[in-house]
Amino acid sequence: MSSPVLELRKLTRHYPTPAGPVMAVHELDLRVERGDFMALLGPSGCGKSSLLNLLGCLDRPSCGELLIDGVAVSSLDDDGLARLRNHKIGFVFQHYHLLPRMSAVRNVELPMMYAGIPPAERRQRAVEGLERVRMAHRLEHTPSMLSGGESQRVAIARALAMNPSLVLADEPTGNLDTRTGEEIMQLFEKMHREGTTLVMVTHSPEMAERADRILRLRDGRIESET
Ligand SMILES: Nc1ncnc2c1ncn2[C@@H]1O[C@H](COP(=O)(O)OP(=O)(O)OP(=O)(O)O)[C@@H](O)[C@H]1O
Ligand SMILES: [Mg+2]
């Protein structure tokens with residue numbers, strides 16, 4: 001049997017603060033299997049972003065263990081982690097996090113540049129990626145010239161540039177109007193049909209219903225799963 005894409009063993013993140021530790025993620029046990037589409041739902045401050053940052057290796061746990069495709073993240077050095085992030089994980093942020101001085105197509109090329117893909121090939125793949133999200137008409141726009149929905153579509157093309165097996169998205173439609181949000185959701189559903197494993201944070205029960213697993217968090221713990 002193949003390993004789950006994600007396996008959490010008492011995964012914990014406590015933030016030290018002058019007022020004492022904040023238990024943002026507390027002893028979570030969870031498995032996410034290949035091809036799952038999971039929504040993380042819960043009130044503001046319950047630990048959704050903290051958890052997603054751990055899953056995306058953007059942050060390290062205080063204790064407990066995270067395995068990605070059966071590999072313990074704690075066993076990797078910084079280079080190993082960077083490679084894992086680059087090759088296996090696509091991350092979509094609520095506020096897009098595009099590089100402001102770079103054009104849309106250069107933003108999408110960036111992960112491929114880090115991976116050492118030659119310029120002509122990465123340009124071609126970036127253009128194809130932007131076509132997939134209907135942004136081929138804005139290749140040379142920098143982020144300040146893009147609308148919110150357009151920025152998020154570029155950010156999604158960047159997240160998918162390296163064909164990651166796992167896509168993590170933190171409220172990807174949080175800043176978008178209903179119609180644009182719907183378009184982004186349809187893109188996620190398409191990725192899911194194509195076999196990508198998806199974990200998506202949302203505030204919205206309606207958005208969460210479109211995933212095939214809904215994990216509800218409260219105070220850093222799993223409240224329920226449906
Ligand atoms: N760097 C930090 N230092 C201290 N406390 C933090 C830090 N980051 C987050 N927290 C606290 O950890 C808890 C969980 O925060 P987190 O951002 O994960 O919540 P969230 O579920 O994503 O909320 P939202 O829906 O508002 O985005 C909150 O109480 C928050 O105040
Ligand atoms: Mg958050």
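A residue counts as exposed if 12 or fewer other C-beta atoms lie within 10 Å of its own, as buried at 20 or more, and as partly exposed in between. I wrote that down before opening the model, which is a predicted one.

**Entry 1: Lys-10**

I began with Lys-10, which sits in strand 1, residues 6-15. Is Lys-10 buried or exposed? I get 12 other C-beta atoms within 10 Å, so Lys-10 is exposed. I also looked up its backbone: phi of Lys-10 is positive, near 50°, and the residue is not a glycine.

**Entry 2: Glu-27 and His-26**

Next I went to strand 2, residues 22-32, where His-26 has its place. Glu-27 lies in strand 2 as well. Glu-27 is another non-glycine with a positive phi, about 50°. I find 15 other C-beta atoms within 10 Å of Glu-27, so I file it as partly exposed.

For His-26 the number is 18 other C-beta atoms within 10 Å, so it is partly exposed. Which residues does His-26 touch, leaving out those up to four places away in sequence? My list reads Thr-12, Gly-220 and Arg-221. I also took a distance to Arg-132: the two are 106 residues apart in sequence, and 38 Å separates them C-alpha to C-alpha.

**Entry 3: around ligand 1**

Then I pulled up the ligand 1 shell. Around the ligand I find Tyr-15, Thr-17, Val-22, Ala-24, Gly-42, Ser-44, Gly-45, Cys-46, Gly-47, Lys-48, Ser-49 and Ser-50. Sorted by class, that shell has seven polar residues, four nonpolar and one charged.

Which element gives the most to this shell? Helix 1 does, with three residues. Strand 2 and helix 1 (48-55) each put in at least two.

**Entry 4: helix 3 against helix 4**

I moved on to the helices. Helix 3 covers residues 104-114 and helix 4 covers 119-132; their axes are 9 Å apart and the packing angle is about 125°. Helix 3 and helix 4 are therefore oblique to each other. I noted the crossing as right-handed.

Which residues make the contact? From helix 3 I have Ala-104, Val-105, Val-108, Glu-109, Met-112 and Met-113. From helix 4 I have Arg-122, Arg-123, Arg-125, Ala-126, Val-127, Gly-129 and Leu-130. By class, this contact splits into eight nonpolar, four charged and one polar.

A reminder to myself on helix faces: an α-helix has 3.6 residues a turn, so residues three or four places apart point the same way. On helix 3, Ala-104, Val-108 and Met-112 are among the residues in this contact.

**Entry 5: helix 3 against helix 5**

Helix 5 runs over residues 148-160, and it packs on helix 3 at about 25° with the axes 7 Å apart. Angles under 35 degrees count as roughly parallel, and helix 3 and helix 5 are therefore roughly parallel to each other. Helix 3 passes helix 5 in a right-handed crossing.

The helix 3 side of this contact is Ala-104, Asn-107, Val-108, Leu-110 and Pro-111. Helix 5 brings Val-154, Ala-157 and Arg-158. My class tally for the contact is six nonpolar, one polar and one charged.

**Entry 6: helix 4 against helix 5**

I closed the set with helix 4 and helix 5, which pack at about 130° with axes 9 Å apart. That angle makes helix 4 oblique to helix 5. The crossing is right-handed. On the helix 4 side I list Gly-129, Leu-130 and Arg-132, which meet Val-154, Ala-157 and Leu-160 of helix 5. By class, I have four nonpolar, one polar and one charged.

So Arg-132, which I had used for the distance from His-26, turns up in the contact with helix 5.

**Entry 7: back to helix 3**

Last, I checked burial along helix 3. Which of its residues are buried? I have Ala-104, Val-105, Asn-107, Val-108, Glu-109, Pro-111 and Met-112. What covers them includes helix 2 (78-88), helix 4 and helix 5. Glu-109 is on the buried list and also in the contact with helix 4. Asn-107 is buried too, and I had it in the contact with helix 5.

One more phi value for the page: Gly-116, which follows helix 3, has a positive phi near 80°.

Terms used: Residues numbered from 1 in each chain as written. Chains lettered and ligands numbered in written order. Predicted model: local features only at pLDDT ≥ 70, side-chain atom pairs only at ≥ 80, totals over all residues. Axes fitted to C-alpha atoms, helices over the stretch in contact; angles between N-to-C directions. Helix = DSSP H or I, 4+ residues; strand = E, 2+ residues; numbered from the N terminus. Parallel < 35°, antiparallel > 145°, perpendicular 65-115°, else oblique. Left-handed = near helix turned anticlockwise from the far one by under 90°. Contact = placed C-beta atoms within 7 Å. Nonpolar A, V, L, I, M, F, W, Y, C, P; charged D, E, K, R; others polar. Near = placed C-beta within 6 Å.
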